[in-house]
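Please work through the following exercises with the sequence and the model at hand. Each task is followed by a solution in steps.

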Amino acid sequence: MNITRRSRVTALLGAALAAALALTGCSSTASSDTSGSTASSRLPAAEGRTSYPLTLESPFGETVLKERPERIAAVVPNAIDTELLLSLGVTPVLSSSFVTEGGYLGEHGADDLTTYEFAMGERVPVEAIAASDPDLIVAVGWTDGLGGVKLADHYDQLAAIAPVATSPDTTSQLLVPWQDSLQVIGEVLDLADAAQGVIDDHETHFAAVRERHPQFAGLTATWAINYGAANGLQYLSRPDSAPEAFLSELGFTENPGARAFAREATVSDELLSKIDADVLLLGQSAAANDADMRELTGRELFQNLGAVSAGNFVQLPPKTDDGGDLLWAISSGGPIGNKWAAEQLVPLIADAL
């Protein structure tokens, strides 16, 4: 059975995400073996919609999943696929240690997972993945160069361990919308209805947010992060980025100045006026201290921004009171992280407006 996909734009993310690769539909031609129809300790019961054997195609080759898997290794460096699996009630046998970075997945089982340590730019430890004895490796949310490493450099080694599920294209995009990744995972695990349920719940939740806060509609918003003396101010809500998609789900429209940062996120003095918007959200990374924030926000150039002078400026701490990381939830999170981030952020924006 082959999985082939036609491009479609995820409606929820709107026209701003049209340049990002979207999920495409599945066609099948093989037998209707639905092995593993009962629930296991690691994943819910099969829905009986996916047929096995299943050929998993990727830009780097193809692998064959002979039957419904039970031991699933989620190897994407930023752990986005781990979050998607947890949202489906699936417990992976291995995850990147970054699964705990956001601080909001603990109650969903993240703290009990077996993890591998990952450092930016280093190779993914193939030995640790093999030792977890997976019957499927999920790498759907792995875009080109994520975490400073390329899936192309690991694919053959991973495919020698177990079948590998990837995005149809990992080489040319800033973002794989998590909705698209989740539908791929749902098809492969015979949990397509569950995946659609997560997406529908997400859409309902954010539609309710927009209904409760109509004042957000049509306003522009900027999400920027101060990374301290080493890397300075960075524009995070770039076109076709996860933060830009998140803000659009709240009802905001794209800041016209965002196009100035399509290729380079660093905000120089010459570009500082481009971050101005109806609402300015300024975050603080762990690399920036309070003195860095005071130096940035106290400058005349910053104080003269329209959002700042109008009072539509929200400064966010590195961590929330419960230890969560908004930067991580919005730039790397899926349905769980986005919902948590909205719960933290929306009251602050409403107060500012």
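The exercises below treat one helix pair and several salt bridges.

The model is predicted, so local features need pLDDT of at least 70 and side-chain atom pairs count only at pLDDT 80 or more, while totals for chains, interfaces and linings use all residues. Residues are numbered from 1 along each chain as its sequence is written, and side-chain values use heavy atoms, with hydrogens and water left out.

**Exercise 1.** Determine how helix H5 and helix H7 pack, and which residues meet.

Step 1. Helices are DSSP runs of H or I with at least four residues, and strands are runs of E with at least two, numbered from the N terminus. H5 covers residues 192–212 and H7 covers residues 242–250.

Step 2. The axes of H5 and H7 are 8 Å apart, at an angle of about 60 degrees. Axes are lines fitted to C-alpha atoms over the stretch in contact, and angles run from 0 to 180 degrees between N-to-C directions.

Step 3. H5 is therefore oblique to H7 (under 35 degrees is roughly parallel, over 145 roughly antiparallel, 65 to 115 roughly perpendicular, and the rest oblique).

Step 4. From H5, the residues His202, Phe206, Val209 and Arg210 are in contact (heavy atoms within 4.5 Å) with Phe246, Glu249 and Leu250 of H7. These residues divide into 4 nonpolar, 1 polar and 2 charged (Ala, Val, Leu, Ile, Met, Phe, Trp, Tyr, Cys and Pro count as nonpolar, Asp, Glu, Lys and Arg as charged, and the others, Gly among them, as polar).

**Exercise 2.** Which parts of the chain does the salt bridge of aspartate 193 with arginine 49 tie together?

Step 1. The whole structure holds 4 salt bridges (a side-chain nitrogen of Lys or Arg within 4 Å of a carboxyl oxygen of Asp or Glu). In the pair of aspartate 193 and arginine 49, the closest N and O atoms are 2.3 Å apart.

Step 2. Aspartate 193 lies in helix H5 and arginine 49 in the segment before strand S1 (54–58), so the bridge joins parts 144 residues apart in sequence.

Step 3. Aspartate 193 is partly exposed at 43% relative accessibility, whereas arginine 49 is exposed at 54% (buried is under 20% relative accessible area, exposed over 50%, partly exposed in between, with a 1.4 Å probe and protein chains only).

**Exercise 3.** Is aspartate 325, a partner of lysine 319, buried or exposed?

Step 1. The side chains of aspartate 325 and lysine 319 form a salt bridge at 3.7 Å, N to O.

Step 2. Aspartate 325 has 12% relative accessibility and therefore counts as buried. Lysine 319, at 39%, counts as partly exposed.
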